[in-house]
Amino acid sequence: MAKLAINGGTKIRTTPFPAYKTVGEEEKRAVMEVLDSGVLSRYLGCWHDDFLGGPRVRALEEEWADYFNVKHAIAVNSCTSGLYCAIGASGISPGDEVIVSPYTMSASATAAVVYGAVPVFADVEEDCFCLDPDSVEERITDRTKAIVVVDIFGQPYDAQRINAIARKHGLTVIEDCAQAPDAKLDGRFAGTLGDIGVFSLNYHKHIHCGEGGIIVTDDDTLADKLRLIRNHAESVVGDMGFEDLTNMVGFNYRMTEMEAAVASCQLRKLHKLVDERISNCEYLEDALADIPALTPPRKRENARHAYYTHAFKFDENMAGIPRERFIEAVKAELPVTTMREGEGVLIGCGYVKPLYLLPMYQKRRAFGKGSYPFPDNRTYPKGLCPVVERMHFKELFSHEMMRPPMSRGDLDDVAAAFHKVWRHRDEIR
Ligand SMILES: *Cc1c(COP(=O)(O)O)cnc(C)c1O
């Protein structure tokens with residue numbers, strides 16, 4: 001008689017888990033005020049007071065800079081556009097090399113490609129999954145101009161070592177902190193650990209406003225360039241009297257007043273939401289500590305991990321079954337989460353495929369029919385970053401069931417599913 005739900009046994013739970021819904025009355029009121037005002041965006045793409053946007057955008061930028069203790073916060077319409085601005089403002093030129101993590105959302109690397117630069121993928125750490133400083137150092141050449149670090153899953157990158165490498169070689173550090181708002185390292189917020197940080201406000205992130213992103217920096221010149229690229233740089237620089245024309249090709253990356261109004265409300269909720277995630281992850285790690293094949297993520301010393309996802313490592317030799325089979329069985333025991341029913345049970349093996357395995361890198365084709373910007377001697381073979389490949393294809397799994405408002409009872413059900421599958425693993429061998 002099968003015990004496991006995957007073999008026809010009774011599930012641990014069928015009632016859906018509660019929705020992660022952070023939008024409430026405050027956001028509704030804020031958006032209605034904007035609609036009542038009739039001014040949904042006040043940007044002008046020329047050198048004018050409204051070049052910097054309307055009142056809600058500016059208020060959000062001030063609040064964001066204040067909260068994260070940084071000189072400039074610049075609102076844009078996504079983290080992707082923020083990363084494009086960051087690469088552009090850093091003066092990255094065709095043929096330059098940008099070192100980037102392969103374990104991230106595709107835009108972290110595409111930003112370099114858009115400016116004709118070449119992404120060079122370094123490997124990740126075994127235990128924290130961020131860029132490995134030793135691998136970064138190995139990849140540096142005289143064409144390297146920047147490092148795009150990613151605070152993956154909510155964990156700040158190794159700023160002490162990577163910043164030292166960057167200083168030694170004169171490189172700009174761009175921090176993709178889309179997954180780590182309110183994370184900290186040595187008392188400083190993730191996003192402010194490098195030269196430029198970029199946050200995301202899309203629906204999947206800790207806090208959101210529909211679509212949106214915020215770029216932060218302490219550097220006045222970088223801030224000017226970021227604001228120019230956001231809003232039609234080429235038609236503004238002349239009247240503004242801005243002399244440096246490098247990468248002053250502008251876009252429209254402007255955030256609307258409605259999104260800014262929502263983002264301001266969301267920012268006020270951030271700290272408590274992250275506190276709850278941390279406490280839920282700690283509770284689950286305690287509850288799962290007796291399963292020897294599971295290793296919870298290491299927290300970097302002096303770090304606050306924001307837990308965008310909760311990534312574990314699975315030891316298939318110890319378990320005697322492949323990761324996929326084990327996770328499939330755990331998922332079969334559990335229900336979906338309300339508002340995310342279409343995503344299935346919120347546990348998955350690996351994260352995104354290491355980026356260099358995407359067709360754009362494998363076929364070395366981005367613009368037109370040639371191989372620009374990939375030079376002839378730059379290929380992206382399988383095996384390029386062995387640690388990330390092992391994590392993705394063999395060891396890592398992660399779940400999002402630590403999102404508020406999961407109760408202790410809900411988390412007990414998650415833990416019970418893991419324990420049940422572990423106890424009866426002979427059934428799926
Ligand atoms: C979500 C995400 C992005 C892109 O964010 P958008 O706001 O959707 O453009 C970039 N990098 C990482 C690591 C992300 O998780």
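## Domain organisation

Which domains does the domain assignment of the chain give? In this predicted model, the assignment yields domain 1, covering residues 25–267, and domain 2, covering residues 270–428. The centres of domain 1 and domain 2, taken over C-alpha atoms, are 25 Å apart. Contact between the two domains involves 52 residues of domain 1 and 51 residues of domain 2.

## Nonpolar cores

The largest nonpolar core comprises 76 residues. Within this core, Phe121 and Ile147 have the most contacts. Helix α3, residues 79–89, supplies the largest share of the core, namely seven residues. Both domains take part: at least three residues of this core come from domain 1 (25–267), and at least three from domain 2 (270–428).

The surroundings of Ile147 can be described in detail. When its neighbours within four places in sequence are left aside, Ile147 is in contact with Ile99, Leu131, Val136, Ile162, Ala166, Leu171, Thr172, Val173 and Ile174. A second core, separate from the one described above, has 35 residues. Among them are Ile207, Cys209, Leu267 and Leu270.

## Cysteines

A disulfide is a covalent bond between the sulfur atoms of two cysteines. With a cut-off of 2.5 Å between cysteine sulfur atoms, the model contains zero disulfides. Cys128 takes part in no disulfide, and the nearest cysteine sulfur, belonging to Cys130, is 6.2 Å away. Cys128 is buried, with a relative accessible area of 1%.

Why does the sulfur of Cys281 form no bond with the closest cysteine sulfur? The closest cysteine sulfur is that of Cys128, and the sulfur of Cys281 is 14 Å from it, which is too far for a bond. Cys281 also counts as buried, because its relative accessibility is 0%, under the 20% limit.

## Ligand surroundings

There are 14 residues around the ligand. Those that come nearest are Thr80, Asp176, Ser200, Asn202 and Lys205.

Several side chains place polar atoms beside oxygen atoms of the ligand, as follows.

- Asn202: an N or O atom of the side chain is 2.8 Å from an oxygen atom of the ligand.
- Gln179: the distance from an N or O atom of the side chain to an oxygen atom of the ligand is 2.9 Å.
- Lys205: a polar side-chain atom lies 3.2 Å from an oxygen atom of the ligand.

Asn202 and Lys205 thus appear both in the list of residues that come nearest to the ligand and among the side chains with a polar atom listed above.

Definitions and conventions. Residues are numbered from 1 along each chain as its sequence is written. This is a predicted model: local features need pLDDT of at least 70, side-chain atom pairs count only at pLDDT 80 or more; totals for chains, interfaces and linings use all residues. Side-chain values use heavy atoms; hydrogens and water are left out. A nonpolar core is a set of buried Ala, Val, Leu, Ile, Met, Phe, Trp, Tyr and Cys residues joined through side-chain atoms within 4.5 Å. Buried means under 20% relative accessible area, exposed over 50%, partly exposed in between (1.4 Å probe, protein chains only). Helices (H or I, at least four residues) and strands (E, at least two) are DSSP runs, numbered from the N terminus. Domain bounds come from an automatic or database domain assignment. Contact means heavy atoms within 4.5 Å. A residue is near a molecule or strand if one of its heavy atoms lies within 4 Å of it. A polar contact is a pair of N or O atoms within 3.5 Å; within protein, one must be able to donate a hydrogen and the other to accept it, and residues adjacent in sequence count only if both atoms are side-chain atoms.
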